[in-house]
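This report describes the fold and the overall dimensions of one protein chain. Please look over the sequence and the model before reading on.

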Amino acid sequence: MERTKELVNGESFPLFGRNYRLQLMPSTDAKQDGCATQNGRLVINANAKIRENIENWYCRELEIKIREIISRYSAILKVIPGDLRISKRGHSWGSCSKNGNLSFNWRLAMAPVSVIEYAVVHELCHLKTPDHSKCYWSLLKSVLPDYERQRSWLREKGEGLFWLFN
């Protein structure tokens, strides 16, 4: 199990399988927020709400990546998903509502892109088959032949993402 992240210079924060070192920048404007990646660093205002801004950064980056993945795979699966939501609650990686709305846990942003891709395609397949029947798993395998590797990654390492940033 990973340790809880500290909000100090040099702490490592993963994004899409790549680590960024935290760099807290002094600022006279306590209201200035946001994060940016520059030269392998995650740069943030040291006077801002650091944890909240990092979570928001993860949410923004994940939403962009998921929209790219949805665009690619919804065409392959011939499905039209509803709204997309990035959630800051719960331990579920993703869900698909009866209305076709997709929700994903913001902590997925810390996983490798292939794992995020699996989570998204998993939920997109539910738009065609709402259960986890043999038909469902066959559909998923037809789109992502190596999905079992990504699923295993989430089962083995996913819980550690919740301890990274409590």
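In this predicted model, helix H1 runs through residues 50-77, and its 28 residues carry the C-alpha trace 39 Å from the first to the last, close to the 40 Å expected at 1.5 Å a residue. Directly after H1 comes Lys78, which has a positive phi, near 55°.

H1 belongs to a chain with four helices and seven strands, and these elements are arranged along the sequence as β-β-β-β-α-β-β-β-α-α-α. For 166 residues the globule rule gives a radius of gyration of 15 Å, and because the value for this chain, 17 Å, is close to that, the protein chain is as compact as a globular protein of its length. The C-alpha trace extends about 55 × 30 × 30 Å along the principal axes.

Some values for the whole chain are set out here.

| Property of the protein chain | Value |
|---|---|
| Buried share of the 166 residues | 48% |
| Accessible surface | about 9300 Å² |
| Share of the accessible surface belonging to carbon and sulfur atoms | 48% |

Turning to contacts, if those with a separation of 6 or more are considered, 47% of them join residues that lie 24 or more positions apart in the protein chain.

The charged side chains can be described in a similar way: the protein chain has 25 that are positive and 18 that are negative, and the centres of these two sets are 2 Å apart.

Note on methods
Residues are numbered from 1 along each chain as its sequence is written. This is a predicted model: local features need pLDDT of at least 70, side-chain atom pairs count only at pLDDT 80 or more; totals for chains, interfaces and linings use all residues. Side-chain values use heavy atoms; hydrogens and water are left out. Helices (H or I, at least four residues) and strands (E, at least two) are DSSP runs, numbered from the N terminus. The radius of gyration is taken over C-alpha atoms; the globule rule is 2.2 Å times the number of residues to the power 0.38. Buried means under 20% relative accessible area, exposed over 50%, partly exposed in between (1.4 Å probe, protein chains only). Contact means heavy atoms within 4.5 Å. Accessible areas come from the Shrake-Rupley method with a 1.4 Å probe; for residues, only the protein chains shown count as cover. Lys and Arg count as positive and Asp and Glu as negative; His and the chain ends are not counted. The place of a charge is taken as NZ of Lys, CZ of Arg, CG of Asp or CD of Glu. The expected span of a helix is 1.5 Å times one less than its number of residues.
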